[in-house]
Amino acid sequence: MLYGEDDYLSLSGIQHFMFCRRQWALIHIEQQWEDNLRTVEGLLMHKNAHDSLKTETRGDIIITRGMPVFSKELGVYGVCDVVEFHRSDDGISLFGRDGKYLPCPIEYKKGRPKEDATDLMQLAAQALCLEEMLCCTVKSAYLYYGETRHRVETEITSEIRDNVRSVFEEMHQYYDRRYTPKVKPAKRCKACSLKDICLPVLCKNKRADSFITQMLKENSDEKAT
Ligand code: SF4
């Protein structure tokens, strides 16, 4: 099945979804958003990656920043921080360039390598988009970490590709139903940028929007009396 543009979801939402499905739903279905230090630092880092020169050439490598990508198969759109095109006989032709090139996405992260697979899943999703858009194979991809100032080469295995496909399928199912999962308080809530909206302890069985509507109503009732 191929998705239409109206059904595309944000590619970077896969990080939110894997961190907490409720957090993803609050941001992407209910359009709630709250910045915290982590999200602001992350945004600044991505802005720096995107704001530099759009394209430059270093030897056999063409470097492109802020490249928009999409996939009809996954039903997602997004932006790659950096895509390097490496000269390769197995590659594809690029308009206005001699030779053939293979794309290599590089995703910037502000912290250090994580134990879970969220960063890798986001990078793999970008690789799948590039493969579909450019009819090629992504053979190498990197995660760059701001804290270690080091990039880590990452293999996009068939297992990771399958995981990415099934996570996006699940995201589409949630989105089609406009389903926000109930709160499940956990350790991760402490680091969650939406904890003041989600109210994991107070709001255990409610959608955030209905909780806020109720609070506003109580507020206006108080003013009216
Ligand atoms: S506070 Fe906890 S349950 Fe609520 S969105 Fe964040 S991580 Fe999920």
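Biologist: Arg149 is found in the loop between strand S6 (141-145) and strand S7 (150-154). Why does Arg149 count as exposed?

Modeller: This is a predicted model, in which local features need pLDDT of at least 70, side-chain atom pairs count only at pLDDT 80 or more, and totals for chains, interfaces and linings use all residues. Residues are numbered from 1 along each chain as its sequence is written, and side-chain values use heavy atoms, with hydrogens and water left out. Buried means under 20% relative accessible area, exposed over 50%, and partly exposed in between (1.4 Å probe, protein chains only). Arg149 has 68% relative accessibility, so it counts as exposed.

Biologist: What is notable about the phi of Arg149?

Modeller: Arg149 has a positive phi of about 50 degrees, although it is not a glycine. Most residues other than glycine have a negative phi. Arg178, in the loop between H5 and H6, also has a positive phi, near 50 degrees, and is a residue other than glycine.

Biologist: Why is Arg178 called partly exposed?

Modeller: The relative accessibility of Arg178 is 44%, which lies between the two cut-offs, so Arg178 counts as partly exposed.

Biologist: How many helices and strands does the protein have, and how are they defined?

Modeller: There are 7 helices and 7 strands. Helices (H or I, at least four residues) and strands (E, at least two) are DSSP runs, numbered from the N terminus. From that end, the elements run β-α-α-α-β-β-β-β-α-β-β-α-α-α. Of the 225 residues in the protein, 45% are buried.

Biologist: How do you know that Leu143, in strand S6, is buried?

Modeller: Leu143 has 6% relative accessibility and therefore counts as buried. Contact means heavy atoms within 4.5 Å. Leaving aside neighbours within four places in sequence, Leu143 is in contact with Glu107, Asp119, Leu120, Leu123, His150, Arg151, Val152 and Thr154. The C-alpha atoms of Leu143 and Thr154 are separated by 7.2 Å, and the two residues are 11 residues apart along the chain.

Biologist: What makes H2 and H5 oblique to each other?

Modeller: The axes of helix H2 (residues 21-28) and helix H5 (residues 158-177) come within 11 Å and cross at roughly 55 degrees. Axes are lines fitted to C-alpha atoms, for helices over the stretch in contact, and angles run from 0 to 180 degrees between N-to-C directions. Angles under 35 degrees count as roughly parallel, over 145 as roughly antiparallel, 65 to 115 as roughly perpendicular and the rest as oblique. H2 and H5 are therefore oblique. Their contact is made by Arg21, Trp24 and His28 of H2 and Glu170, Met171, Tyr174 and Tyr175 of H5.

Biologist: Why is helix H4 (residues 118-134) called roughly perpendicular to H5?

Modeller: H4 and H5 pack at an angle of about 90 degrees, with their axes 9 Å apart. That angle makes H4 roughly perpendicular to H5. Residues in H4 that meet H5 include Leu120, Met121 and Ala124, and their partners in H5 include Ile160, Val164 and Phe168.

Biologist: What makes H2 mostly covered?

Modeller: In H2, 7 of its 8 residues are buried, among them Trp24, Leu26 and His28. His28 counts as buried because its relative accessibility is 17%.

Biologist: Which side chain makes a polar contact with the side chain of His28, and what qualifies as such a contact?

Modeller: The partner is the side chain of His16, at 3.0 Å. A polar contact is a pair of N or O atoms within 3.5 Å; within protein, one must be able to donate a hydrogen and the other to accept it, and residues adjacent in sequence count only if both atoms are side-chain atoms. Not counting residues up to four places away in sequence, His28 touches Ser10, Gly13, His16 and Tyr175.

Biologist: Is Arg65, in strand S3 (residues 61-71), buried or exposed?

Modeller: Arg65 has 12% relative accessibility, so it counts as buried. Its side chain makes a polar contact with the side chain of Glu56, at 2.9 Å.

Biologist: Why does Cys198, in helix H6 (residues 195-198), count as buried?

Modeller: The relative accessibility of Cys198 is 9%, and Cys198 is therefore counted as buried. The C-alpha atoms of Cys198 and Lys182, 16 residues apart along the chain, are separated by 9.6 Å.
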